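Please take a moment with the sequence and the structure shown below before reading on. The paragraphs that follow begin with a single residue and then widen to the elements around it.

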Amino acid sequence: MILRRSRSPLSASLKAIRMPIQTSPPLTSQSLNGTTRVLSSAPVSQPTSTGTPAAMTDDRCLRSMDELLTVLRSQRVKSLFAVVDAGAYRHSGAEEKLAEIFSEFPVTCFDQFEPNPKSHDVLSGIQLFRESGADLVIAIGGGSAIDIAKVIAATAEETASLEDLILRRAPFTAQAVPLIAIPTTSGTGSEATQFAVVYIDGAKHSLDDPRLLPDWCVLDSQLTHKLPRSITANTGLDAFCQAVESLWSARSTESSMRQATEAATLAFRHLQQAVQQGTPEAREALSRASHLAGRAIQQTRTTASHAVSYTLTSEHGIPHGHAVALTLGAMLEHNAAVTEADCNDPRGPEHVRASIRRILTLLNCETAKQGRERIETWIRSLGCQTRLHELGISGRGTMEQIATKTNAERLGNNPRLVTHSQLITILESIQ
Ligand SMILES: [Zn+2]
């Protein structure tokens, strides 16, 4: 890949191609002990009358590099800033597929970041972006590459420092630089969400702001053809869990439920084949499942299984998708037993039960107990463990620790309340 530096000033015309920002929910931060605080921010434009969140739409979802080239030309892009997961860039085939585009535009490449991006990685990226004079950011890789590109694009033109924006709630004043996300895995759906994670001094900060939503994405499942089995399984599990959690989320809408139902159905039907045979059809299904699940959680956020998963990943090293999937079956049973007294969805327990029935239907099961068993059998068929002791996690004290550190904000989206002692019981049931 030939890299050139462009020092041309940022293109004023590109400021106009950013998607209209419709609402501006606050940035939030969760430390590893589960506390959450609001971080920011003032909206850069007024919410729409409907108050609907910004969303990735079909016309922003490109299917090939030819379509990408057409967009870049039509937007009169002068210079590109590529945020690249170097390994994924080479192994996925993105390097070959992007060769024509990268020969037509000056490109500055940034690949000096770790898998879970730290604030110093973001700062290096912002500095290089400013030096490059690029007017559009392209992210190529998995969740980490897309996350860091989102933060660079959203904060590069801010006068406030990154830490002021994230830690001290300084208001955003500038618009984000246009961003195109090209995922090389099928899991996070990050190309369709306005979330990103950055670590500052070891603490995880989850940003949630419309400025982080990519303007376009390129969904090309061929980029996932060479993914190893373990990554296919882990990322596919994330897509499935995000879809199921979105379905029962207390914030679900009709449109999020449609997207989540299709995503969960596709992932459940095709993940085993994607892992075992890696057929193009299965890869294509997973690519769509991941994207739709991303669009669904953009509206609903995730719930209890994600809430518990963060500690399983950060302190016990379990890959994200697998960590989430471990409690999904148990949470299905828990949520199915919702009552008037502990219902956390304003639409009431009957609405929650209807969502659970929708999930059971796609699992082809009658009861939540059967649904849990079906999910756990399926996870094992993907080569993943379903019991904590198989992963070296055991003991009442450890379960209590995990429960204590569970993310309170994500738990708040769960359709049924989960008390501390219920959470310990759930963890012990998968011990
Ligand atoms: Zn996830």
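A145 counts as buried because it has 29 C-beta neighbours inside 10 Å, where 20 or more are needed for a residue to be called buried. This residue is found in helix 7, which covers residues 143-155, and, like everything described here, it belongs to a predicted model. Not counting residues up to four places away in sequence, A145 touches V83, V84, D85, A139 and I140. A residue farther along the chain can also be placed relative to A145: P183 is 38 residues apart from it along the chain, and the C-alpha atoms of the two are separated by 8.8 Å.

From this one position we can turn to the chain as a whole, which has 19 helices and 10 strands. Of its 431 residues, 51% are buried. Among the contacts in the chain with a separation of 6 or more, 79% are between residues 24 or more positions apart.

The sheet is a useful next stop. Six strands make up an open sheet with parallel pairing, in the order 3-10-7-6-4-5. Strand 3 (61-62) and strand 5 (107-110) are its edge strands, each of them pairing on one side only. Inside that order, strand 7, made of residues 179-183, and strand 10, made of residues 216-218, pair in the parallel sense over 2 bridges, and A181 stands opposite C217 in strand 10. Helix 6, which runs over residues 119-132, packs on the sheet and touches strand 4 (80-84) and strand 5, with a direction that makes about 170° with that of strand 5.

Within helix 6 we find L128, a residue whose surroundings can be set beside those of A145. L128 has 19 C-beta neighbours inside 10 Å and therefore counts as partly exposed, since a residue needs 20 or more to be buried. Leaving aside its neighbours within four places in sequence, L128 is in contact with T108 and F110. The C-alpha atoms of L128 and F110 are separated by 7.6 Å, although the two residues are 18 apart along the chain.

Another pair of strands runs the other way. Strand 8 (residues 195-200) and strand 9 (residues 203-208) are antiparallel and are joined by 6 bridges, with V197 standing opposite S206 in strand 9. These two strands form a hairpin with 2 residues between them, and in its turn D201 has a positive phi of about 50°.

What remains is the packing of the interior. In soluble globular proteins, nonpolar side chains tend to be buried together. The largest nonpolar core in this chain has 63 residues, and those with the most contacts inside it are F240, A243, A263, A264, A267 and A289. Helix 10, spanning residues 254-276, gives the most to this core, contributing 10 residues. A second core, separate from this one, has 57 residues, including V77, F105, A153 and L165. Returning to A289, we find that, apart from its neighbours within four places in sequence, it is in contact with S186, A239, A243, A263, L266 and A267.

Helix 10 also deserves a look along its length. Its 23 residues should span 33 Å at 1.5 Å a residue, and because its end C-alpha atoms are 34 Å apart, the expected and computed spans agree. Along the way there is nevertheless a kink of about 45°, centred on H270. Just after helix 10 comes G278, which takes a positive phi of about 60°.

Helix 11 occupies residues 280-300, and its 21 residues reach 30 Å from the first C-alpha to the last, close to the 30 Å expected at 1.5 Å a residue. This helix is mostly covered, with 18 of its 21 residues buried. R301 follows helix 11 and has a positive phi, near 65°.

How values were computed: Residues are numbered from 1 along each chain as its sequence is written. This is a predicted model: local features need pLDDT of at least 70, side-chain atom pairs count only at pLDDT 80 or more; totals for chains, interfaces and linings use all residues. Helices (H or I, at least four residues) and strands (E, at least two) are DSSP runs, numbered from the N terminus. A residue is buried if 20 or more other C-beta atoms lie within 10 Å of its own, exposed if 12 or fewer, and partly exposed in between; C-beta atoms are placed from the backbone. Two residues are in contact if their C-beta atoms, placed from the backbone, lie within 7 Å. A nonpolar core is a set of buried Ala, Val, Leu, Ile, Met, Phe, Trp, Tyr and Cys residues joined through C-beta atoms within 7 Å. Two strands pair if DSSP finds at least two bridges between them. The expected span of a helix is 1.5 Å times one less than its number of residues. The bend at a residue is the angle between axes fitted to the seven residues ending there and the seven starting there. Axes are lines fitted to C-alpha atoms, for helices over the stretch in contact, and angles run from 0 to 180 degrees between N-to-C directions.
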